[in-house]
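Colleague: I am new to reading structures of this kind and would like a close look at a single part, explained slowly. Could you choose one stretch of the chain and follow what surrounds it?

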Amino acid sequence: MTRAKFKAVGSVLGAGIMGCVSPEAFAGAWTLEPSRAQMILTGAYSSSNTLVGGDGETIPLQNFTKNDSRIYLEFGLFENLMVFGQGGYQFIEFQGAGSEVSFAGFDETKLGIQYQLKATNSSATSFSLAYIADGGLDDPRLDLGGRNNEIEFKALYGHSGAKKPSKNLKLDWFYDLQIGTRYDLKSDNISQWQVDLTLGLKPHEKWMGLIQFYGLNVNEQRNQGFIVPKSNHAKLELSLAYQIKPGQYIQFGALRTLAGRNVVKESGLFTGIWRKF
């Protein structure tokens with residue numbers, strides 16, 4: 001059940017909360033084999049003392065903390081087609097810029113399909129289409145960070161390989177690039193663009209290092225006379241994943257908002273569990 005408390009909330013705060021970052025579980029360009037499944041659970045804690053305004057000015061915050069939990073599931077239907085879903089729950093406390101927000105509730109829920117257009121031993125190209133149900137901070141008076149129902153389209157490309165720097169050392173590596181956009185079904189326009197890039201390096205059979213970059217640009221939103229201004233952010237995540245056993249990893253990492261406009265500049269830690277069935 002959603003709980004929210006608002007006091008003198010302004011439009012900059014709305015965009016700032018909407019621009020909060022959290023670790024995102026997402027499918028790579030390769031689809032799963034038929035009847036195979038994968039589950040990814042993530043949890044994160046982040047905090048901040050700075051809100052970046054629309055002109056790049058820094059606005060001090062008295063308090064900002066966020067706890068975020070997400071689940072991602074995917075299931076292979078056919079040779080090149082899989083379905084996926086994602087949901088989350090978050091707790092947010094915000095004080096500053098003349099506003100106060102206390103929130104606990106579900107984040108957006110996503111359900112989609114992914115089709116693998118082409119694949120080789122070392123690369124894959126896919127497309128995905130998803131329906132996104134409204135979630136997050138969702139006060140109907142202010143549209144504070146909430147979104148209308150949306151359709152998301154993504155193009156995905158992945159490539160992997162191996163290098164052998166020395167006789168006794170082999171480095172497996174990969175990268176995964178995703179470019180996506182969302183269409184707002186209520187306002188009848190494109191609501192955002194995003195670019196996600198993951199770089200992975202596996203120097204050991206059981207260890208993998210990940211560098212993940214997320215870039216997001218959200219267009220201005222209007223609701224019942226209120227305006228949530230345009231926002232954007234660039235976020236970086238660094239993490240290590242350890243293979244507990246074949247098909248199962250545990251991940252530990254750190255996240256940081258590098259830059260943006262109308263966004264809370266967060267720093268935090270996260271953990272995740274990946275499991276294939």
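Modeller: Let us start from one ring, keeping in mind that this is a predicted model: Phe-127 has a relative accessible area of 32%, which lies between the 20% limit for buried and the 50% limit for exposed, so Phe-127 is partly exposed. Its partner is Phe-153, which at 40% relative accessibility also counts as partly exposed. The centres of the rings of Phe-127 and Phe-153 are 5.9 Å apart and their planes stand at 20°, so this pair is stacked. Phe-127 belongs to strand 8 (residues 123-133) and Phe-153 to strand 9 (residues 150-166), and with 26 residues separating them the pair links distant parts of the chain.

This stacked pair is a useful point of comparison for the part I would like to follow closely, namely strand 5 and its surroundings. Strand 5 covers residues 81-96 and is joined by eight bridges to strand 6, the two running antiparallel. Within this pairing, Glu-93 stands opposite Ser-102 of strand 6. The two strands form a hairpin with two residues between them, and in the turn Ala-97 has a positive phi of about 55°. Strand 6 (residues 99-106) has seven of its eight residues buried, so it is largely enclosed by the rest of the structure.

The rings on these two strands deserve a slower look. A pair of aromatic rings is described by the distance of the centres and the angle of the planes. The count of aromatic pairs comes to nine. In the pair made by Tyr-89 and Phe-106, the ring centres are 5.0 Å apart and the planes stand at 85°, so the arrangement is edge-to-face. This pair, too, links distant parts of the chain, since Tyr-89 lies in strand 5 and Phe-106 in strand 6, 17 residues apart. Tyr-89 is partly exposed, its relative accessible area being 24%, whereas Phe-106 is exposed, with a value of 53%. Ring pairs also bring in Phe-91, linking Tyr-89, Phe-91 and Phe-106 into a cluster.

Strand 5 has another neighbour, for 16 bridges join strand 4 to strand 5 in an antiparallel arrangement. Here Tyr-72 stands opposite Gln-86 of strand 5, and the two strands form a hairpin with two residues between them. Strand 4 (residues 58-78) in turn pairs with strand 2 (residues 37-47) in the antiparallel sense over 11 bridges, with Leu-41 opposite Ile-71 of strand 4. Three bridges also join strand 4 to strand 3 (residues 50-52), again antiparallel, and in that pairing Thr-50 stands opposite Pro-60. The hairpin of strand 3 and strand 4 has five residues between the strands, and Gly-56 takes a positive phi near 90° there.

Finally, we can turn from the bridges to the side chains. The largest nonpolar core is made up of 11 residues, among them Tyr-72, Met-82, Phe-84, Ala-130 and Trp-274. Strand 5 and strand 12 (207-218) each supply at least two residues of this core. One of the core residues, Phe-84, touches several residues beyond its sequence neighbours, including Tyr-72, Leu-73, Gly-112, Ser-128 and Ala-130. A second, separate core has eight residues, including Leu-51, Phe-64, Phe-94 and Val-264.

Methods. Residues numbered from 1 in each chain as written. Predicted model: local features only at pLDDT ≥ 70, side-chain atom pairs only at ≥ 80, totals over all residues. Heavy atoms only, no water. Buried < 20%, exposed > 50% of the residue type's maximum accessible area, 1.4 Å probe, protein only. Helix = DSSP H or I, 4+ residues; strand = E, 2+ residues; numbered from the N terminus. Pairing = 2+ DSSP bridges. Phe/Tyr/Trp six-rings, centres within 6.5 Å; stacked < 30°, edge-to-face > 60°. Core = buried A, V, L, I, M, F, W, Y, C linked by side-chain atoms within 4.5 Å. Contact = heavy atoms within 4.5 Å. Lists of a residue's contacts leave out its neighbours within four places in sequence.
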